[in-house]
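Q: I would like a close look at one part of this structure, taken slowly and with its surroundings. Please begin with the part I ask about below and then work outwards from there.
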Amino acid sequence: MKRMLVATTVAAMALAGSVMGQDAPFAMQIKARQGIMEYRALNIGVLGAMAKGETPYDAAAAQKAADNLVMTTMIDMSMLWPEGSDHSANPASTADAKLWTAEADVAGKDAAFAAAAKAMQAAAGGGLDGVKAAMGDLGGACGGCHKVARIPK
Amino acid sequence: MRRLVTFFATVAAVGMAAFWFVTRPDTLPRDALAGLVGDEARGERIFWAGGCASCHMAPGSEGARVLELAGGQKFPSPFGTFIAPNISPDPVHGIGGWSAHDLANAMTRGVSPAGQHYFPVFPYTSFARARFQDIVDLYAFLLTLPAVETPSLPHDVGFPFDIRRAIGVWKRLFFNKNWVVSGDLSPTETRGRYLSEALAHCGECHTPRNILGAMERDRWLAGGPIPGGKGNFPNITPAKLDWSEADIVEYLTSGFTPDYDSAGGHMALVVDNMAHLPPEDRTAIAAYLKKVPPAE
């Protein structure tokens with residue numbers, strides 16, 4: 001009887017594992033949100049390369065990158081940041097548990113990022129100077145969360 | 001026997017007197033700032049370059065609140081935990097009762113208005129290279145900031161590191177005001193050196209320290225562990241930092257790394273400060289970093 005219980009438990013755990021597709025806690029959520037961060041970085045990279053003078057300014061490419069960035073602010077991310085999915089639960093995440101405190105004001109920082117992305121969207125097609133000027137606020141908005149709630153690398 | 005006692009008493013007295021003499025706080029001449037007039041606007045540039053707010057603001061301040069220099073942030077070290085004091089213009093708890101001369105003594109000599117040595121957690125070993133005109137301008141700007149009535153907290157430093165007079169010995173051993181990077185520098189690189197070595201005090205975090213907490217000048221900006229924290233201060237000499245000057249300027253402006261991650265931790269605060277400077281200052285720092293001797 002006891003053996004059967006163990007076997008059933010093991011089977012159930014294996015099943016749960018395969019349903020989740022991942023063994024480490026919150027692995028899918030962490031992967032998904034990191035993917036969104038990287039997608040943002042990719043698009044900001046297009047704008048940044050122009051701001052630095054590494055690639056020539058291209059109004060259409062700048063606009064596309066800024067539009068993409070704004071799109072990422074419209075995704076519902078409530079599933080991606082479950083409480084407890086921080087670095088101490090899974091080292092794949094660099095999120096500090098502070099992120100989930102009221103003090104961190106993630107909603108406010110999220111809104112600031114959305115505003116900075118919109119400002120970039122408005123500026124991107126209108127010339128290189130506008131892109132350069134909007135980069136500072138965009139970086140500051142990214143830093144909003146990274147400053148308070150990211151584990152140093 | 002009595003002669004022996006007298007002998008040892010004399011030796012002890014001479015020893016004490018020598019210690020007292022050798023470790024006495026070395027202050028500026030009275031007329032060091034004679035004829036200098038402070039300018040608030042120029043002082044604001046010095047304020048951001050020096051990063052005063054990042055350490056002296058109340059913990060976790062953001063936006064305009066960073067100008068309220070109430071103190072209270074903690075800085076763990078192998079010697080104990082230091083707590084940044086209130087440097088707002090409050091006459092009781094801050095520096096409202098200070099003269100520009102007091103500020104210059106604090107920043108360039110590491111001596112308080114009462115004549116006590118400061119712990120070198122306050123980066124006077126860097127600020128000592130600052131021009132007096134810049135300090136007088138900074139003083140004018142600091143007095144325009146809001147006064148905050150938050151008492152400064154005592155440092156949590158144990159024996160024997162709490163003996164302030166011993167810092168006099170430390171200063172004699174390690175207080176070196178000479179520029180670290182020398183040789184032929186362009187005007188831009190020279191400006192970058194002034195900003196980096198005198199005001200922004202990059203070396204205070206990015207240079208490894210010896211067992212007594214002094215920066216190892218021959219490993220300037222080569223990085224090291226974060227005391228009491230996780231991770232490392234990165235090596236930012238050309239041996240490890242392979243970013244272009246444009247990459248460094250962008251990082252100091254928006255906080256974006258070359259792969260468009262953003263600055264985190266205390267460095268994000270530094271970027272906020274640097275973003276207040278005119279673009280040519282950030283260009284100067286980037287040019288200077290390229291002239292730092294590579295160190296592994």
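How many salt bridges are counted between chain A and chain B?

A: This is a predicted model, and in it the count between chain A and chain B is 4 salt bridges. One of the salt bridges in the model joins the side chains of Lys52(A) and Asp247(B), with N and O 2.6 Å apart. Lys52(A) and Asp247(B) also belong to a network of salt bridges that takes in Glu54(A). Beside the charged pairs, 8 residue pairs are in polar contact between chain A and chain B, counting pairs in which both residues have pLDDT 80 or more. On the side of chain A that touches chain B, the elements giving two or more residues are helix 2 (27-52) and helix 5 (128-149) of chain A, and helix 5 of chain A gives the most, with 10 residues.

As for the extent of the interface, 23 residues of chain A and 19 residues of chain B take part in the contact. The two chains bury about 1600 Å² between them, and 53% of that area is on carbon and sulfur atoms. Within chain A, the residues that lose the most area to chain B are Lys52(A), Lys147(A) and Arg150(A), which together account for 36% of what that side buries. Lys52(A) is thus named both for its lost area and for its salt bridge to Asp247(B).

Lys147(A) leads to a particular place on chain B, since Ala268(B) touches Lys147(A) and Ala263(B) when residues up to four places away in sequence are not counted. Ala268(B) is found in helix 11 (residues 265-274) of chain B, and because its relative accessibility is 4%, under the 20% limit, Ala268(B) counts as buried. From C-alpha to C-alpha, Ala268(B) lies 9.7 Å from Tyr251(B), a residue 17 places away in sequence.

Chain B has an internal interface as well, since its domain assignment gives domain 1 (37-174) and domain 2 (187-289). The C-alpha centres of these two domains lie 21 Å apart, and their contact takes 24 residues from domain 1 of chain B and 27 residues from domain 2 of chain B. Between them the domains bury about 2200 Å², with 59% of it on carbon and sulfur atoms; on the side of domain 1, Arg45(B), Trp48(B) and Arg129(B) lose the most area to domain 2, together 28% of what that side buries.

The count between the two domains of chain B is 1 salt bridge. Arg45(B) forms a salt bridge with Asp281(B), the closest N and O atoms being 3.0 Å apart. The domain interface also holds 11 residue pairs in polar contact, again with both residues at pLDDT 80 or more. The elements of domain 1 that give two or more residues to this interface include helix 2 (40-50) and helix 7 (164-174) of chain B, and the largest share, 5 residues, comes from helix 2 of chain B.

Asp281(B) has a further partner, for its side chain meets that of Arg191(B) in a salt bridge (3.0 Å, N to O). Arg191(B) lies in helix 8 (residues 187-199) and Asp281(B) in helix 12 (residues 279-289) of chain B, so this pair ties together parts that are 90 residues apart in sequence. Asp281(B) counts as buried, at 1% relative accessibility, whereas Arg191(B) is partly exposed, with a relative accessible area of 24%.

Another pair in chain B is Arg42(B) and Asp137(B), whose side chains meet in a salt bridge (2.9 Å, N to O). This pair links distant parts of the chain, with Arg42(B) in helix 2 and Asp137(B) in helix 6 of chain B, 95 residues apart. Here Arg42(B) is partly exposed, with a relative accessible area of 43%, while Asp137(B) counts as buried at 1% relative accessibility. Over all chains, a search of the whole structure finds 13 salt bridges.

The nonpolar surroundings remain to be described. The largest nonpolar core has 64 residues, and those touching the most other members include Phe47(B), Leu138(B), Leu142(B) and Trp220(B). Helix 6 (residues 132-142) of chain B supplies the largest share of this core, 6 residues, and the core draws at least three residues from each of domain 1 and domain 2 of chain B. Apart from it lies another core, of 23 residues, among them Phe113(A), Met120(A), Ala134(A) and Leu138(A).

Key: Residues numbered from 1 in each chain as written. Chains lettered and ligands numbered in written order. Predicted model: local features only at pLDDT ≥ 70, side-chain atom pairs only at ≥ 80, totals over all residues. Heavy atoms only, no water. Core = buried A, V, L, I, M, F, W, Y, C linked by side-chain atoms within 4.5 Å. Buried < 20%, exposed > 50% of the residue type's maximum accessible area, 1.4 Å probe, protein only. Helix = DSSP H or I, 4+ residues; strand = E, 2+ residues; numbered from the N terminus. Domains from an automatic or database assignment. Contact = heavy atoms within 4.5 Å. Buried area = accessible area lost by both parts, 1.4 Å probe. Polar contact = N/O pair within 3.5 Å; in protein donor to acceptor, adjacent residues only side chain to side chain.
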